[in-house]
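This report concerns a protein model with a bound ligand. Please consult the sequence and the structure shown here alongside the text.

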Amino acid sequence: MPESQHLKGAAYEPIDNPGMRGVVMERTHDRLSLERLRRHLTTRTVGHHVFVFNSVDSTNSALARLADRGATEGTVVLAEAQTAGRGRHGSEWFSPAGENLYASVLFHPRIAPRELPLFASIASLALAEAVWLEGAPARIKWPNDVVVHGRKLAGVLVEAPVISGRVVYVILGIGVNLNVPATELATALGDNAEGALSLHEVLGRDVDRNVFAASLLSRLEKWHQTFSTRGPDAVRAAWLARDALCGRRIEVRTGDTSCEGWYRGVGTDGSLVLETDDGRTRHIFAGAIRALDNKPGEDG
Ligand code: BTN
């Protein structure tokens, strides 16, 4: 397989990753392939240009380089593996080869920076739907984690340069644990593995990564259209219907500080709404959330 496959579009130099040449895939039957992806893709804009890499530092970084060279709305970067996969708050995203999905999608929405959080929630909505369609009861944990039985299956890294108060572009970077074995997750994530799982673990079978990617991209286009035509409130309402934390007691950690309270949903600006014990309402824009109450069978 070449270093990258490109579906449609202008000439493009593949990104070089000499360190990852010769990576041997264990699941040759399930390689990402433009041809198989295309067979299931029903979109008009999202996936019009698709780049599939064997290995890349981060699909978000690869797509940012393409965006800087004029890539158009809906351009997608997929990779079999990432050597420097990035998560929120500067964390690493475990990105083994040939098992999961690492996808980044480019948008050029005409939105103000304050609208970014709700715009980004189209990614977690699309993800949750794609996971439901595979047969797992996915819910969303603020801001954009997708959880099943309270454990994280997928996350979204949003990157959006803002110049002179204008959003230049938005990259929605999506990582999904699809077929990675639980033992491999445990080795890679250590203590954090308790809070994570793969779709294979939930369903007891492998997930076809090309089919899943196509399903996710189709749903992403649908929610993007909803945002554009019906506005952020329609997206927020759908997001709240899948909210994993509704009415829960939570802790929000931001840097070295943390606070507790009752989760009261998401504001019209996409902030997390927390009711603290002194009766005040706080709007939180960044942080890691932990549910403090143990409700058996509930997510969080
Ligand atoms: C999170 O911390 O929850 C966000 C994880 C996002 C990971 C994905 S994998 C594809 C894209 N490329 C990256 O480097 N990160 C995102």
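The sections below describe the surroundings of the ligand and then one residue of a helix.

## Basis of the report

The model is predicted.

## Residues around the ligand

The ligand is surrounded by 20 residues, of which Ser-58, Gln-82, Arg-86, Arg-88 and Lys-152 come nearest. By type, the shell consists of 10 polar, 6 nonpolar and 4 charged residues.

Polar atoms of the protein approach the ligand at several points. In the side chain of Ser-58, an N or O atom is 2.8 Å from an oxygen atom of the ligand. The side chain of Gln-82 places an N or O atom 2.9 Å from a nitrogen atom of the ligand. Arg-88 takes part through its backbone, with a polar atom there 2.7 Å from a ligand oxygen. The protein buries 98% of the 410 Å² that the ligand exposes when taken alone.

## Elements that form the shell

Two or more shell residues come from each of α2 (59-68), β4 (101-107), β7 (151-159) and β10 (170-176). The most are given by β7, which supplies 4 residues.

## Leu-118 in helix α3

Helix α3 spans residues 116-134 and includes Leu-118. Leu-118 counts as buried because its relative accessible area is 5%, and buried means under 20%.

Beyond its neighbours within four places in sequence, Leu-118 is in contact with Phe-227, Pro-232, Val-235, Arg-236, Gly-267, Thr-268, Asp-269 and Gly-270. Between Leu-118 and Val-266, the C-alpha to C-alpha distance is 9.4 Å, although 148 residues separate the two in sequence.

Methods: Residues numbered from 1 in each chain as written. Predicted model: local features only at pLDDT ≥ 70, side-chain atom pairs only at ≥ 80, totals over all residues. Heavy atoms only, no water. Near = heavy atom within 4 Å. Polar contact = N/O pair within 3.5 Å; in protein donor to acceptor, adjacent residues only side chain to side chain. Areas by Shrake-Rupley, 256 points an atom, 1.4 Å probe, with all protein chains shown as cover. Nonpolar A, V, L, I, M, F, W, Y, C, P; charged D, E, K, R; others polar. Buried < 20%, exposed > 50% of the residue type's maximum accessible area, 1.4 Å probe, protein only. Contact = heavy atoms within 4.5 Å.
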